[in-house]
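Here is a friendly walk through a set of chains and how they pack. Please keep the sequence and the 3D view open as you read.

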Amino acid sequence: MNTRTQHEPIIQMREIEKHFGSVIALAGVSLDVYPGECHCLLGDNGAGKSTFIKTMSGVHEPTSGEILFEGKPMRFADPRMAIAAGIATVYQDLAMIPLMSVARNFFMGNEPIKRIAGIPFYDQEHAGRITMEEMRKMGINLRGPDQAVGTLSGGERQTVAIARAVHFGAKVLILDEPTSALGVRQTSNVLATVDKVRKQDIAVVFITHNVRHALAVGDRFTVLNRGKTLGTAQRGQITPDELQDLMAGGQELAELEGSLGGTV
Amino acid sequence: MRSLIASVAVGAVLAVAPVAAPAMAQDDLSYVLVSHAPDSDSWWNTIKNGIALAGDHVGVSVEYRNPPTGDIADMARIIEQAAASGPNGIITTLADYDVLSGPIMDAVASGVDVIIMNTGTADQAREVGALMYVGQPEYDAGYAAGLRAKGDGITSFLCVNHTIQQPSLVERCQGFADGLGVELGESMLDSGTDPAEVKNKVMAYLSTNPDTDAVLTLGPVSADPTIQALEENGMAGDIYFGTFDLGEEIVKAIKAGTIKWGIDQQPFLQAYLPVVIMANYHRYGVLPGNNINSGPGFVTADGLEKVEMFAGEYR
Amino acid sequence: MSEMTQQQTAADERVKEMSPLRRALIRPELGGICGTIVVFACFFVFAFDSGMFNSQGVMNWSTVSAQFMIIAVGACLLMIAGEFDLSVGSMIGFSGMMIAIFSVTMGWPVWIAILVTFALCIAIGAVNGFIVIRTGLPSFIVTLASLFILRGFTIYLPQTLERKTIIGGIRDIAEGDWLAPIFGGKILKGLFQWMGDTGIIATFERGSRAGDPVVDGIPMLIVWAIALVIVGHLLLTRTQFGNWIFAAGGDAQAARYVGVPVNRVKVLMFMFTAFCACVFATCQVMEFGSAGADRGLLKEFEAIIAVVIGGALLTGGYGSVIGAALGALIFGVVQQGLFFAGVESSLFRVFLGVILLFAVVLNTYIRRMITGER
């Protein structure tokens, strides 16, 4: 199910290191992401997933290492540069502003402009129409574009955030634990959205610590542990149990799992 | 829906508000007294009692209004409002001529009679077209007190000013300094109105300037904590202490000898007289031919009995 | 999987249809609109013949409301952007005093004094904003410091320079100045003269102005208030920047992640609040001809109260300029109306508290409806 259409990776992270004072958060992590693939980044808490994607999205500058975007070396000084280049990040809890309408959230930072007598006004009508259209595509039925995001479920909010990133030309979409706080049905909605996005030739970096969610949509899987990559596997080359073991750093969990009756 | 109910409830609260309905007088004369004092200034209680008593005596209704924070610009709006409500007369202070002269002149021109009380001068009252001025010319009162202190051999002083932005209080200090024949300069202390702050500032000033001869306070707000400060640092009865205005604590201190004299501007007269004068003017067309100086009257340990009895109420 | 979502879209039983009434209820202005109607209805009943609704009376509460509106617009946008400015009142006193010092003490032309004061105040607003942004401290504390600093200078400067705390005589200097009438003048004088002549409004009975209408024009204060409300409303609801204001106050971090320049928005809003305070002060100084060290005391709270009555959330991200303007109108009408109705003036604070409480309760309810919290 590898829907890769290009053979050049859109983003290459080479030997990324990130130190916070004396703490080494990332000790040389490398990762390639291709357009149209869903690349799952797995790891337990503290494995360095968040730090890693933050260097990718311009929040942190790496201490050493190289980022190649579309084959050219890039340095992102702040998130806006990364966004401008086409790297969009959807954070788990910081995606949406509940008190604002869906349309205003959707166009936040990219408001459509309509000039009346030379004065740039926010084009409400355009924003409303596009929002309703995009939401319908993603399978969310809104009362109207001015419905507040606060009335949407967690999964729907993630979907709005993803649709927003895609609409504004994201080439790489980073999803930070989009399913971790969701129920079963909402999770499946979000995973369906990820699938739709991937089919539009967008590279998806999907961060999770849930193996089942990863396997549902992932094309390739990279496991991080203690700031290092434990390797990348293709879909079909690895079983859920193997992934689970890798994430936990091998042996210990296998033993623990035995005593818990395979429920983890 | 609940919001509608809430709004209706707001209305209900407005509706049941105790609308002060004064006892109907025979000819329905109504007056408004506008002061510049913030709500916190307890000295104005005497004024409130004075107008209430005068209203009872001559059978008119008098309302008291003031800007809650003492902002003179807000007071201008209150005078405009009072004029718009069409009373027979307005009794007001003239705390800032620039700000208040316009609204007062408008009131006069629209047919409302005005008497200036408390702050302001006779000249200013004439300029705005008021009937008369009832009060104590602040600078003159300060000057008279300064002369008196000079006669008692005073050469330096501390003026404790609790509302430094109020020009009339500064004039009291200035007058006192001129009466003494010294520069005001650093002698005026911006004490603020908080009692603890006033007390500490006075103590601090006196300990850094130990050769200060006299203390002048400008009302109960600055006098009461100053009395405490002097009792605490042992200067009570020793340092020459004079004050403007009276109050319960001040009267006690005069009796105890801590305060040498109090300058009584007799606020009762400032409130009572304008009401009575205006009512008689409106009823019978009689008006005294001059302005009335309600003060300064020097209150000393002799003859304190009446003052003591009515301090804070009518004195 | 995508078929499943389609199916769900078609029949999502959880999206309830919303009645038009309920939709109308969840506007931030709602509380303000209801309050305005109720307040006017009450005063019509209890104070109709008290002079409150004659030309002088209307001008009186309109002017007071307009004053509140000018500072409420600034406070409203700033509050929606998620910050407070407690230095508004001190800023009013300070900017008035600076105009007086520049023009009277230093003898500059009035228009230069006004422009320099505006520049100075906006710069102080920017400093407030920068400190808040750089330190991450609550704006409550930072501007509380400015409250004291500015008030201190407002008392210290005139005392040192002029040996008094009220500087007057600005009206005389402002005579013939081109900029002063924009703050202190009146418009539509001809119309009011005509209304006075035809007897629609009352005229002065005596003195040198006998025969002139009691209200001789609309003060520029009111014009400024209306203009600021319109500009503020359009800015907030109809521009990109307006969306950024909501975003900055709603969730600064989320806004930053999508590229909203949150810091710039907040600093600009602090500057705008300072600008509004300066407009207030300039109108006042030009109208009354003097600046006093006690001007603007507690005005910051009055602005915040008006904004909250108008439906804005103290936590930011939600509110409306029209609502704030209505809040200011309610505030002004109640304050002056209680005098007209003959209510003991010390009770004004009681009413203020009650109205504020109702407004906050109502707003909480509205927010719950919007966000779907229970």
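Helices and strands here are DSSP runs (H or I with at least four residues for helices, E with at least two for strands), numbered from the N terminus. With that in hand, Tyr139(B) sits in helix α6 of chain B, which covers residues 138–151. The model is predicted: local features need pLDDT of at least 70, side-chain atom pairs count only at pLDDT 80 or more, and totals for chains, interfaces and linings use all residues. Residues are numbered from 1 along each chain as its sequence is written, while chains are lettered from A and ligands numbered from 1 in the order in which they are written.

Let's stay with that tyrosine for a moment. A residue is buried if 20 or more other C-beta atoms lie within 10 Å of its own, exposed if 12 or fewer, and partly exposed in between, with C-beta atoms placed from the backbone. Tyr139(B) is partly exposed because 18 other C-beta atoms lie within 10 Å. Two residues are in contact, or touch, if their C-beta atoms, placed from the backbone, lie within 7 Å. Leaving aside residues up to four places away in sequence, Tyr139(B) touches Glu171(B), Gln174(B) and Gly175(B). Its C-alpha is also 5.2 Å from that of Arg172(B), 33 residues apart along the chain.

Now for chains B and C as wholes. The radius of gyration is taken over C-alpha atoms, and the globule rule is 2.2 Å times the number of residues to the power 0.38. Chain B has twelve helices and twelve strands. Its radius of gyration is 21 Å, close to the 20 Å from the globule rule for 315 residues, so chain B is as compact as a globular protein of that length. Chain C has 17 helices and four strands, and its 23 Å agrees with the value near 21 Å for a compact globule of 374 residues.

| Chain | Span along principal axes | Buried residues | Share of contacts (separation of 6 or more) between residues 24 or more positions apart |
|---|---|---|---|
| B | about 65 × 60 × 40 Å | 56% of 315 residues | 74% |
| C | roughly 85 × 50 × 35 Å | 57% of 374 residues | 79% |

Which chains share the most contacts? Of the two pairs of chains in contact, that is B and C. This contact takes 47 residues from chain B and 59 residues from chain C. On the chain B side, α1(B) gives the most, with eleven residues. That side divides into 24 nonpolar, 13 polar and ten charged residues (Ala, Val, Leu, Ile, Met, Phe, Trp, Tyr, Cys and Pro count as nonpolar, Asp, Glu, Lys and Arg as charged, and the others, Gly among them, as polar). Chains A and B have no contact, and their closest C-alpha atoms lie 19 Å apart.

Finally, the interior. A nonpolar core is a set of buried Ala, Val, Leu, Ile, Met, Phe, Trp, Tyr and Cys residues joined through C-beta atoms within 7 Å. In the largest one, with 262 residues, Leu173(A) and Ala72(C) touch the most other members. Helix α14 of chain C (residues 262–288) supplies the largest share of this core, 20 residues. Apart from it lies another core of 38 residues, including Leu169(B) and Phe241(B). Not counting residues up to four places away in sequence, Ala72(C) touches residues including Ala303(C), Val307(C) and Ala328(C).
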